[in-house]
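User: I am new to this structure and would like to learn how to read its features. Please take me through them in turn.

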Amino acid sequence: MATRDAEIIHDFRFFRVYKDGSVVLSNPTTDTRIPPSDDPNSRVRSKDIVISSEPAVSARVFVPGSANLTQKLALLLYMHGGGFCMQSASTPRYHNYVQTLVAEANIIAVSVEYGLFPDRPIPACYEDSWAALKYVVSHVNGDGPEAWLNDHVDFGRVFIGGDSAGGNIAHNLAVRVGTDGLPEVKLVGVIMVHPFFGGTEDDQMWLCMCPENGGLDDPRMRPGKEHLARLGCERVLMFVAEKDHLFVVGKRYYEELKKSGWGGNVEIVENLGEEHCFHLRDLKYEKAVDLIKKYVSFLKQE
């Protein structure tokens, strides 16, 4: 009788694919989910919203406590990491991280629950995140379905951010903004923390997760000069970690963006001696605090 191991046709960093087409995640998300909290006396309030029922897309909205809602605030659309197949806006690492950014920067954040492989292969993550951005923009005239966005967002100060896979999604959203436009809204900046891009052993994994792909030069994974030049924002902040396998491709993205003809400003921060997404493991760790401070400074910069 054949062993199960003999049936494996792909063994990637985050999952295995078997001959029968089944997929088994190596580290499925089992964390206890943190519920939203709409306590007006808390430092940060949160609620979950439905963006689309078919396909199922939702998000967690964070706003500062009532005492800090005296004026319109910048908005951060955030895409979590997790290799396009794990994690959630409501898992502790992402709920606590985005909540911290909201508290420190005094902004509003919309943390997207996009479709994950294998239930929803790529490009679901890109399409769902674009749907979330369009949902946010539908509030620009103050008559959208979510009161917090109608009442408190300054649509002249919109940012897109993400880490790891979410950093890749953030990039692709910014390219789409530059290509399709975003009327009445100003995308000021994009922040990518240890983003995924092509050029590593994970390329084949991404191609497997995206059945309708353009090969190793698919611009969603490995953007060329013409795609980089279309970024629809003024500023980009990137973080790369020295011990991260994505360190080299992150630095390459930075160098290629500078040469692309894009008219904005890009800054890179190297997290020396650190591994991939180290900051999420302990938000009080000295270097995590430094990363958050830099992130907040970018959001507050006029």
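Analyst: The discussion below covers sheets, helices, unusual backbone geometry, pockets and a cavity.

Analyst: This is a predicted model, in which local features need pLDDT of at least 70, side-chain atom pairs count only at pLDDT 80 or more, and totals for chains, interfaces and linings use all residues. Residues are numbered from 1 along each chain as its sequence is written, and side-chain values use heavy atoms, with hydrogens and water left out.

User: How should I read a sheet, and in what order do the 8 strands of the open sheet lie?

Analyst: Strands of a sheet pair through backbone hydrogen bonds, either parallel or antiparallel. Here helices (H or I, at least four residues) and strands (E, at least two) are DSSP runs, numbered from the N terminus, and two strands pair if DSSP finds at least two bridges between them. The open sheet of 8 strands has the order β4-β5-β7-β6-β8-β9-β10-β11, with mixed pairing. At its edges are β4 (44-53) and β11 (265-271), each of which pairs on one side only. From one strand to the next the twist averages 20°; axes are lines fitted to C-alpha atoms, for helices over the stretch in contact, and angles run from 0 to 180 degrees between N-to-C directions.

User: In which sense do β5 and β7 pair?

Analyst: Strand β5 (residues 56-64) and strand β7 (residues 108-113) are antiparallel, with 5 bridges between them. As an example of a bridge, Ser-58 has Glu-113 in β7 as its partner.

User: Which strands does helix α2 lie across, and which does helix α4 touch?

Analyst: Contact means heavy atoms within 4.5 Å. Helix α2 (residues 124-137) lies across β4, β5, β6 (73-79), β7 and β8 (153-163), and runs at about 165° to β6. Helix α4 (residues 165-180) packs on the sheet as well, touching β6, β8 and β9 (187-193), and its direction makes about 140° with that of β8.

User: What is the order of the strands in the open sheet of 3 strands?

Analyst: Its order is β1-β2-β3, and the pairing is antiparallel. The edge strands, each pairing on one side only, are β1 (8-11) and β3 (23-25). Three-strand order apart, β1 is joined to strand β2 (residues 15-18) by 3 bridges, and Asp-11 stands opposite Arg-16 in β2.

User: Where does the backbone have a cis peptide bond or a positive phi?

Analyst: Most residues other than glycine have a negative phi, and most peptide bonds are trans. The bond from Glu-54 to Pro-55 is cis, with omega near 0°, and Pro-55 lies in the loop between β4 and β5. Phe-117 and Pro-118 are also joined by a cis peptide bond, with omega about 5°; Pro-118 lies in the loop between β7 and α2. Ser-164, a residue other than glycine, has a positive phi near 55° and is placed in the loop between β8 and α4.

User: How is empty space found, and which residues lie nearest the centre of the largest pocket?

Analyst: Rolling a probe the size of a water molecule over the atoms shows where empty space is left. On a 1 Å grid over the protein atoms alone, a cavity is a set of points where a 1.4 Å probe fits but cannot get out, and a pocket is an open set with protein on both sides within 12 Å along at least five of seven lines; lining residues have an atom within 4 Å of a point. Grid points are joined across faces, edges and corners, and a volume is the space filled by probe spheres set on the points.

Analyst: The largest pocket holds about 400 Å³ of space. Of its 24 lining residues, Phe-14, Gly-82, Met-86, Ser-164 and His-276 lie nearest the centre. α5 gives the most to this lining, with 3 residues.

User: Which helix gives the most to the lining of the second largest pocket?

Analyst: That helix is α4, with 8 residues. The second largest pocket has about 240 Å³ of space and 15 lining residues, with Asn-172, Leu-173, Val-175, Arg-176 and Arg-220 nearest its centre.

User: How many cavities of 30 Å³ or more does the structure hold?

Analyst: There is 1 such cavity, with about 70 Å³ of space. Its lining includes Phe-197, Arg-222 and Tyr-253, and helix α7 (residues 247-259) gives the most, with 4 residues.
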